[in-house]
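Open your viewer and keep the selection tool ready. We will go through this model stop by stop.

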Amino acid sequence: MVARTKIKIDYSKCGYEEGVNVDPRECRKCLNTCDPAVFLMHPTLEDHPDPFNPEKWKITAVWPSMCTGCMRCVEVCPEGAIEVKPGRSLLSMLLPGL
Ligand code: SF4
Ligand code: SF4
């Protein structure tokens, strides 16, 4: 059985962890290139999120089941922060041969 598609974002490369200063709101390349809209940019889930603080924003792959495995997000990410392991996806099940 084919494993499900897995997508990981390395927040030590995209975000404000460990001295890295990459504001995903200024980049957005993964969001702009992904046709099935797998990614979501959102404030971190805290009790008191501050949407005006750039350190509180992150990218999450919320719909990996919609990923076509095109790898465009991996190619356009200037920080090399995205890892995609293509596998079984909703689109490939609905549209075999995609
Ligand atoms: S591999 Fe393609 S479809 Fe999948 S998340 Fe990246 S850009 Fe979107
Ligand atoms: S393309 Fe890479 S650096 Fe840019 S917002 Fe997406 S994950 Fe972050």
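**Stop 1: colour by confidence**

Select helix 4 (residues 90–94) to see where confidence is lowest in the protein, at a mean pLDDT of 70, then helix 3 (residues 72–76), where it is highest, at 98. The score pLDDT is the predictor's confidence in each residue, from 0 to 100. Where pLDDT is low, the predicted coordinates should not be read in detail. The whole protein has a mean pLDDT of 87, with 94% of its residues at 70 or more.

This is a predicted model, in which local features need pLDDT of at least 70 and side-chain atom pairs count only at 80 or more, while totals for chains, interfaces and linings use all residues. Residues are numbered from 1 along each chain as its sequence is written, and chains are lettered from A and ligands numbered from 1 in the order in which they are written.

**Stop 2: the cartoon view**

Show the cartoon and follow the elements from the N terminus: β-α-α-β-β-α-β-α. Helices (H or I, at least four residues) and strands (E, at least two) are DSSP runs, numbered from the N terminus.

**Stop 3: two strand pairs**

Select strand 1 and strand 4 (residues 82–85), which pair in the antiparallel sense over four bridges. Two strands pair if DSSP finds at least two bridges between them. Look for Ile7, whose bridge partner in strand 4 is Val84.

Next, select strand 2 (residues 39–43) with strand 3, an antiparallel pair with five bridges. Here Leu40 has Thr60 as its bridge partner.

**Stop 4: two faces of a strand**

Which side chains of strand 3 point to the buried face? Show them: Trp57, Ile59 and Ala61 are buried on one face, while Lys58 and Thr60 point to the other and are not buried. A residue is buried if 20 or more other C-beta atoms, placed from the backbone, lie within 10 Å of its own.

**Stop 5: the core**

Now pick Ile9, Cys30, Val38, Phe39 and Ile82, which have the most contacts inside the largest nonpolar core, a set of 14 residues. Strand 1 (6–9) and strand 3 (57–61) each supply at least two residues of this core. Such a core is a set of buried Ala, Val, Leu, Ile, Met, Phe, Trp, Tyr and Cys residues joined through C-beta atoms within 7 Å.

**Stop 6: the ligand**

Finish at ligand 1, surrounded by 13 residues, the closest being Cys34, Val38, Cys67, Cys70 and Cys73. A residue is near the ligand if its C-beta atom, placed from the backbone, lies within 6 Å of it.

How values were computed: Buried ≥ 20, exposed ≤ 12 C-beta atoms within 10 Å, placed from the backbone.
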